[in-house]
Amino acid sequence: MRIVVARCTVDYEGRLAAHLAEAVRLIMIKADGSIAVHADGGAYKPLNWMNPPNTLSEEPECWTVTNPKGEKLVINIAEVLSDVSHDLGSDPGLRKDGVEAHLQELLAADPSVLEEGYRLVRREYPTAIGPVDLLCRDADGAAVAVEVKRRGEIAGVEQLDRYLDFLNADPALHPVQGLLVAEEIKPQARVLADTKGIRCKVVDYSTLRGARPDDLRLF
C-alpha cells in the first residue's frame, strides 16, 4: 500500500462530474489498484475513489486514474508532504460470524431454496479483490453471484457490485446477475441495490435449517 499526503485538487469525470478544491488530503493506493482520496474526517468514507481495475498515469504534478468504463480521476498535486509505501503481505480475509458462515454453508448445500433451478458452481469463487460467497447458475444457465450477509447494508451492496465488475469481464460468465441474501436488509441498501440491478432476498436462519422455498421472501 502507498500512502501519500499532498495538497491537491481532485476532479472526477464519469457518471457525473465532481470537483474537490485545493486542500491537504490523504491518498491511498492499494495493491489491487484501488485508489481513495480522504479528508481528515468523515469516518471511513473517502471523498472520492476508483475501484479496480484502474490504470494510473503519474506525472510530477498530475496523476490521472482511468478505468475500463471510461471514468477518470485527475489529481493535481500542488505539494507532496509525505509519500510512503508499506508491504502489508497477504491478508487472511474476513472471518464471518457463526450465523453468517452457516447461512452460506446451508445455501451452498441447496441453492435452489433461493430460486427454483439454482445450482452451485462454486463456493468462495475467487476474484482479484476477494472471493464471492457463492457462484451459481440459474435454471436458464445464467451465472448468479450471491453475497451472503447476516445484515444487508450499503457496504454489502457495494462489495457485490465490485465483484460483478470483475466477474462480468469473464466472457465465460458474462452476463452475471447479483443477489444479496441476508436475514435483514436495510431500506437504503435495497434502494442502492435496485439502482445497480442487484436483487435482494431475505431469509430466516432458523427456518432455513429445514427450509422450503415458501419460507423465503423475495424483494
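Which residues of the largest nonpolar core touch the most other members? In this predicted model, they are Ala145, Leu167, Leu173, Val176 and Ile198, out of a core of 20 residues.

## The nonpolar core

Let's see where that core comes from. Two or more residues are given to it by each of strand 9 (132–137), strand 10 (143–152), helix 2 (154–167), strand 11 (176–185), helix 3 (187–195) and strand 12 (198–202). Helix 2 gives the most, with 5 residues. As general background, nonpolar side chains in soluble globular proteins tend to be buried together.

Val176 shows the contacts in detail. Setting aside residues up to four places away in sequence, Val176 touches Ala143, Val144, Ala145, Leu164, Leu167 and Asn168. Two of the residues named at the start, Ala145 and Leu167, are thus among the contacts of Val176.

## Cys136 in strand 9

Strand 9 holds Cys136. This cysteine has a relative accessible area of 0%, so Cys136 counts as buried. Beyond its neighbours within four places in sequence, Cys136 is in contact with Pro111, Tyr118, Arg119, Leu120, Val121, Ala142, Ala143, Val144 and Val146.

A backbone distance is handy here too: the C-alpha atoms of Cys136 and Arg123 are separated by 8.7 Å, and these residues are 13 apart along the chain.

## Helix 2 and what covers it

A quick geometry check on helix 2: its 14 residues, at 1.5 Å a residue, should span 20 Å, and the end C-alpha atoms are 20 Å apart, so the two agree.

The buried residues of helix 2 are Gly156, Val157, Gln159, Leu160, Asp161, Tyr163, Leu164 and Leu167. Their cover includes strand 8 (119–125), strand 9, strand 10, strand 11, helix 3 and strand 12. A general point helps in reading such a list: an α-helix has 3.6 residues a turn, so residues three or four places apart point the same way.

## The seven-stranded sheet

Elsewhere in the chain, 7 strands form an open sheet in the order 4-3-2-1-7-6-5, with antiparallel pairing. Strand 4 (48–50) and strand 5 (55–58) are the edge strands, each pairing on one side only. From one strand to the next, the twist averages 30°.

At one of those edges, strand 4 runs antiparallel to strand 3 (residues 35–38), and 3 bridges join the two. Ala36 stands opposite Trp49, which belongs to strand 4.

## Salt bridges across the chain

The structure has 10 salt bridges. One of them joins Arg2 to Asp83, with the closest N and O atoms 2.7 Å apart. Because Arg2 lies in strand 1 (residues 2–13) and Asp83 in strand 7 (residues 72–85), this pair ties together parts that are 81 residues apart in sequence. Asp83 is partly exposed, at 39% relative accessibility. Arg2 and Asp83 also belong to a network of salt bridges with Glu58.

Lys45 forms a salt bridge with Glu158, the closest N and O atoms being 3.4 Å apart. Here the loop between strand 3 and strand 4, home to Lys45, is linked to helix 2, home to Glu158; the two residues are 113 apart. Lys45 is partly exposed at 34% relative accessibility, and Glu158 is partly exposed at 23%. Another salt bridge pairs Arg199 with Glu115 at 3.0 Å, N to O. Arg199 sits in strand 12 and Glu115 in the loop between helix 1 (98–109) and strand 8, 84 residues apart. Arg199 is partly exposed, with a relative accessible area of 25%, and Glu115 is partly exposed at 31%.

Terms used. Residues are numbered from 1 along each chain as its sequence is written. This is a predicted model: local features need pLDDT of at least 70, side-chain atom pairs count only at pLDDT 80 or more; totals for chains, interfaces and linings use all residues. Side-chain values use heavy atoms; hydrogens and water are left out. A nonpolar core is a set of buried Ala, Val, Leu, Ile, Met, Phe, Trp, Tyr and Cys residues joined through side-chain atoms within 4.5 Å. Buried means under 20% relative accessible area, exposed over 50%, partly exposed in between (1.4 Å probe, protein chains only). Helices (H or I, at least four residues) and strands (E, at least two) are DSSP runs, numbered from the N terminus. Contact means heavy atoms within 4.5 Å. The expected span of a helix is 1.5 Å times one less than its number of residues. Two strands pair if DSSP finds at least two bridges between them. Axes are lines fitted to C-alpha atoms, for helices over the stretch in contact, and angles run from 0 to 180 degrees between N-to-C directions. A salt bridge is a side-chain nitrogen of Lys or Arg within 4 Å of a carboxyl oxygen of Asp or Glu.
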